[in-house]
Amino acid sequence: ILVTFRDYLDDITPHIPPLKLRIASESVIQNEGLIHRFDPETKIESWVLSVCGQDIGQMYLKVGKKLFAKNIRGWLGPKTDINNSIAETIKKEPDNFWYYNNGITIVCDNAKRETQADQDVIIIEGAQIINGQQTTRTLQENDSKNTNVLVKIIKISRNFEDVEDYDVLVNSIVRSTNWQNSIAPSDLASNDYIQVFLEKEFRKIGYQYIRKKMSKSEARTWYGQGYHQISKKELAQAVAACLCDPNIVTTGKEILFEDPYYKTIFGSHDILFYLVKYWLMRQVLYVARGDRERTYAKWLVLNFMWNKLGSCIGSGRSGRQFCDMCYGGAYGTLGDILDRVFKAVKNFYRLNCGKGEEKIEVRNFFRLSKLAQKFREYWASPNNHYGHKAEKYIKRFENDLRNENEK
């Protein structure tokens, strides 16, 4: 029961039924059947075999996307270079597909070999394709009855108490077997419990949280129309810019999915914790659009705005009201505040970038560390000609939000 509950937490619902794969028997090519390996210390049991590509495609048709729940990516679409190449081999060189393709790796709860109607088969329980999703989907979309594909099946015993060890092992296998498409830290985080949790919680309130790398069209097929899409990378940027030194965000997105930042960014189970920061980021990006200097300064501005407004919009009814307001696209007083903050940031840059040969280019200036504290000091100084008006707008914005809550 606990293992079934864990599957639910991992979004493997409904339960995947036992799946049957026929062991390929080719008339002109010598085939000894399969390789079977058992490790008595770890109790891990493995099989390596050849399978008709059409059988792999049928397996996906029977189960659907849940077959890839533990895969770190989604379907990247038929037009990527790799998937185009796979499709071309199926169409033009089906006999060579076995040689060209890296194969498919399946982890499962149990597997056993049987003979059914004079045909050798292997029955797989709790199957998860952790490497080979692009191959599987491409085999399904094309006439693949004349192809054979190499399949590795790994049976790993599970119990609820050892779930962390299980996840570490599966992630290690994923990292070691996925070579055709590079693996980033954000990919390895895709199946973390908090990522699955966020996807479910966002879904309840009309958002599609995209935690796996996939094509936009594939993402829409998962939920259908009418959901606002948020990717895990842009959510990570929003939270990191608000809570950390904003220069961290300028170093790239992948670092946000590594220690020590990941646990800080994705450390809450309160969906509003993430959503208000996301919508504040969207407001900042909107006001920065079309201006080169503002684009470089956006993370500093976002950090400053969270420092100013976080206590007001960070939780409760005010936070929900703020998100609803932003979802509607109205910028109003907040847009006026942001415009003045960006102007102040531009002046802050001119006062601190240096002169002549020592002048720091704008894109490098906003990558400097500890700028957030320096800008807050500048904001309170006589050199800031935009602060007085902006502070009035901030108070008006907070009052308007409170008045909306009282209605």
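Trp98 is partly exposed, at a relative accessible area of 35%. In this predicted model, the residue sits in helix 4, which spans residues 97-100. Together with Tyr99 and Tyr100, Trp98 forms a nonpolar patch on the surface. The accessible area of the three residues together is about 360 Å².

The overall architecture comprises 19 helices and 10 strands. Along the principal axes, the C-alpha atoms fill a box of roughly 90 × 55 × 40 Å. The protein has 407 residues, and 50% of them count as buried. The exposed area is about 20500 Å², of which carbon and sulfur atoms supply 48%. Among contacts with a separation of 6 or more, 73% involve residues 24 or more positions apart.

Packing of helices was examined next. Two packed helices are described by the angle between their axes and the distance between the axes. Helix 16 (residues 332-352) packs against helix 18 (residues 371-379) at an angle of about 105°. Their axes are 11 Å apart. Helix 16 is therefore roughly perpendicular to helix 18. On the side of helix 16, the residues that meet helix 18 are Val341, Ala344, Val345, Asn347, Phe348 and Leu351. Their partners in helix 18 are Leu371, Lys374, Phe375, Tyr378 and Trp379.

Val341 belongs to helix 16. Val341 counts as buried because its relative accessibility is 0%, below the 20% cut-off. Beyond its neighbours within four places in sequence, Val341 is in contact with Val301, Phe304, Met305, Phe375 and Trp379. Two of these, Phe375 and Trp379, are listed among the helix 18 residues that meet helix 16. The C-alpha atom of Val341 is separated by 41 Å from that of Gly77, a residue 264 positions away along the chain.

A second buried position was found in a strand. Ile124 lies in strand 6, residues 119-125. Its relative accessible area is 0%, so Ile124 is buried. Leaving aside neighbours within four places in sequence, Ile124 is in contact with Pro17, Pro18, Leu19 and Leu21, among others. Further contacts of Ile124 include Ile106, Cys108, Asn110, Ala111 and Ile153. The C-alpha atoms of Ile124 and Lys112 are separated by 6.9 Å, with the two residues 12 apart along the chain.

Lys112 also takes part in a salt bridge. Its partner is Glu114, and the closest N and O atoms are 3.6 Å apart. Lys112 is partly exposed, with a relative accessible area of 42%. Glu114 is partly exposed as well, at 27%.

The structure holds 23 salt bridges. One of them joins Arg203 to Asp11, the closest N and O atoms being 3.9 Å apart. Arg203 lies in helix 8 (residues 193-204) and Asp11 in the loop between helix 1 and strand 1, so the bridge ties together parts that are 192 residues apart in sequence. Arg203 counts as partly exposed, at 32% relative accessibility. Asp11 counts as buried, at 8%.

Arg294 forms a salt bridge with Asp339, with a closest N to O distance of 2.8 Å. Arg294 is in helix 14 (residues 292-313) and Asp339 in helix 16, so this pair ties together parts that are 45 residues apart in sequence. Arg294 is buried, with a relative accessible area of 12%. In addition, Asp291, Glu293, Lys346 and Arg350 are linked in a network of salt bridges.

Backbone geometry was inspected last. Most residues other than glycine have a negative phi, and most peptide bonds are trans. Asp11 has a positive phi of about 70°, although it is not a glycine. The loop that holds Asp11 runs between helix 1 (2-9) and strand 1 (19-22). Asp118 also has a positive phi, near 65°. Asp118 lies in the loop between strand 5 (110-116) and strand 6. Asp118 counts as exposed, at 80% relative accessibility, whereas Asp11 counts as buried. The peptide bond from Asp259 to Pro260 is cis, with omega near 5°. Pro260 is found in the loop between helix 11 (247-250) and helix 12 (261-265).

Terms used:
Residues numbered from 1 in each chain as written. Predicted model: local features only at pLDDT ≥ 70, side-chain atom pairs only at ≥ 80, totals over all residues. Heavy atoms only, no water. Patch = residues over 30% accessible without salt bridge, like charges linked within 9 Å, V, L, I, M, F, W, Y side chains within 5 Å. Areas by Shrake-Rupley, 256 points an atom, 1.4 Å probe, with all protein chains shown as cover. Salt bridge = Lys/Arg side-chain N within 4 Å of Asp/Glu carboxyl O. Helix = DSSP H or I, 4+ residues; strand = E, 2+ residues; numbered from the N terminus. Buried < 20%, exposed > 50% of the residue type's maximum accessible area, 1.4 Å probe, protein only. Axes fitted to C-alpha atoms, helices over the stretch in contact; angles between N-to-C directions. Parallel < 35°, antiparallel > 145°, perpendicular 65-115°, else oblique. Contact = heavy atoms within 4.5 Å.
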